[in-house]
Amino acid sequence: MNFELEPKYKAIQNAALDLTRQIEPMAAEADGLSVVHQGVLEALRESGLCRLMVPAKYGGTFESIDPLAICVVREAMMATSSHLDSLFALQGIGSYAITVAGSDEQRNAWLPRIAEVEVLGALALTEEMAGSDLKAVSTEIQKIEQGLLLNGSKSYISNAGASSYFIVFAREAGGYSTILVPAKTDGVSTKSSPELIAPHVLGDVCFDNVILPDSARLGRQGDGLKNALATLGVFRVSVAGAAVGLAQAALDEAVKHTSTRIQFGRPLARLGPVAQMLADCWTEIEMARLITYRAATMACEDPSSSLNQSSMAKLAASEIASRVVDRCVQMMGRWGLESQSKIERLYRQARPMRIYEGSSEVLRLGIAKQLISESQQPI
Ligand SMILES: Cc1cc2nc3c(=O)[nH]c(=O)nc-3n(C[C@H](O)[C@H](O)[C@H](O)COP(=O)(O)OP(=O)(O)OC[C@H]3O[C@@H](n4cnc5c(N)ncnc54)[C@H](O)[C@@H]3O)c2cc1C
């Protein structure tokens with residue numbers, strides 16, 4: 001058992017760290033935006049890191065998408081800018097269904113452009129009345145003479161307004177399908193979602209009598225849940241990677257502050273309760289990083305059968321990030337509360353991580369169900 005990252009992951013981590021140093025001066029501005037920051041987007045494009053999001057056959061770095069590489073990159077990015085992290089993550093989350101279920105034509109049309117960041121991707125699952133309960137969606141595909149007719153609306157969709165297409169999860173003939181909808185198709189419109197405490201490029205998307213060819217479906221009719229789960233299998237654990245990066249950045253801020261601020265004749269870091277908080281933060285971050293790298297390594301081998309491990313990693317790391325950043329604010333006293341400071345930004349950004357890509361409560365339900373099923377108890 002080797003607990004060190006292999007050289008190929010170290011090289012990817014270094015490339016991500018180079019990029020974060022480059023965009024650092026723009027990070028605060030970009031993280032305050034709910035539209036795409038062009039400087040950050042350009043730097044991401046030039047880094048070539050989005051090639052990690054598609055298979056080599058379509059211009060990607062590796063033969064198949066590597067969840068550990070994505071985790072390591074998100075960890076580095078989130079420590080500097082949630083905007084950068086989100087732009088990177090969405091290139092994978094918003095294209096993976098094309099990779100696993102798209103036709104050759106769909107893959108050739110979109111995946112090389114995703115890798116080179118010529119287009120931005122988006123995955124549209126959530127609706128006004130369907131969040132955690134994905135099966136409650138009402139957006140619907142109907143078979144008509146000219147092809148497929150799509151009606152409905154999606155809300156809180158990352159990159160809406162900036163993406164060139166949407167991967168849409170919808171009802172079809174008593175089941176669920178996914179369909180690829182170019183953003184410029186007649187009947188597709190977007191509007192901004194409400195501003196969040198941690199700004200994010202988000203929008204609502206409306207599909208009003210959108211007509212698409214039969215070939216727009218991703219995979220077969222009825223493959224919708226399979227495609228959504230495949231995306232989670234690879235990308236849920238990457239949220240854990242981002243959460244580890246956020247927690248580490250918060251602790252770095254607290255270490256700087258508590259080592260230099262003197263109260264009662266000593267640096268804060270030498271005062272018992274503060275030292276305890278520092279130790280607890282570091283210990284929990286190490287725990288989160290280990291479970292995340294382990295789950296990501298398992299996901300490299302078999303993403304769907306390791307989804308439970310990814311859920312555990314996402315649950316643990318996002319809850320730890322929230323606890324760590326809260327303690328760090330506490331240790332920094334009034335400086336922890338200054339609006340526009342890095343720690344304040346991290347404090348706000350930690351919060352959505354416990355809600356998107358599986359809320360903590362919903363993840364716990366799935367993990368407990370798996371535990372009982374593995375224990376073969378008769379319930
Ligand atoms: C920044 C951000 C980006 C997003 N990007 C996208 C995107 O790109 N594409 C997309 O499709 N969606 C996106 N979403 C939406 C996100 O996926 C949903 O917010 C998430 O699935 C939770 O759904 P909800 O907000 O409707 O909460 P609800 O489902 O209404 O849940 C509210 C609360 O009830 C709890 N709860 C719900 N069901 C249960 C249960 N069975 N048992 C116990 N507790 C339960 C939840 O844990 C939560 O605490 C994004 C959201 C955010 C905040």
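Which domains each give at least three residues to the shell around the ligand?

**Entry 1: the ligand shell.** I worked throughout on a predicted model. I looked up the domain origin of the shell and found that domain 2 (123-222) and domain 3 (225-375) each supply at least three of its residues. I then listed the residues that surround the ligand and obtained 18, the closest being L125, G131, S132, S158 and S359. I next asked which elements give two or more residues to this shell: they are strand 1 (123-124), strand 3 (147-158) and helix 11 (360-375). By residue class, I recorded eleven nonpolar residues, six polar ones and one charged one in the shell.

**Entry 2: strand 3 and its partner.** Since strand 3 is among the elements that contribute to the shell, I followed its pairing. I found that strand 2 (residues 140-144) runs antiparallel to strand 3 and is joined to it by five bridges. Within this pair, I noted K143 opposite L148 of strand 3. I also traced the connection between strand 2 and strand 3, which is a hairpin of two residues.

**Entry 3: helix 3 against helix 4.** I turned to helix packing, which is described by the angle and the distance between the two axes. For helix 3 (residues 67-78) and helix 4 (residues 82-93), I noted an angle of about 155° and axes 8 Å apart. Angles over 145 degrees count as roughly antiparallel, and I therefore entered helix 3 and helix 4 as roughly antiparallel to each other. I recorded the crossing of helix 3 past helix 4 as left-handed.

**Entry 4: helix 2 against helix 4.** How do the axes of helix 2 and helix 4 cross, and at roughly what angle? I found that the axis of helix 2 (residues 38-47) comes within 10 Å of that of helix 4, and that the two cross at roughly 50°. I therefore classed helix 2 and helix 4 as oblique to each other. In this case I recorded a right-handed crossing of helix 2 past helix 4.

Definitions and conventions
Residues numbered from 1 in each chain as written. Predicted model: local features only at pLDDT ≥ 70, side-chain atom pairs only at ≥ 80, totals over all residues. Near = placed C-beta within 6 Å. Helix = DSSP H or I, 4+ residues; strand = E, 2+ residues; numbered from the N terminus. Nonpolar A, V, L, I, M, F, W, Y, C, P; charged D, E, K, R; others polar. Domains from an automatic or database assignment. Pairing = 2+ DSSP bridges. Axes fitted to C-alpha atoms, helices over the stretch in contact; angles between N-to-C directions. Parallel < 35°, antiparallel > 145°, perpendicular 65-115°, else oblique. Left-handed = near helix turned anticlockwise from the far one by under 90°.
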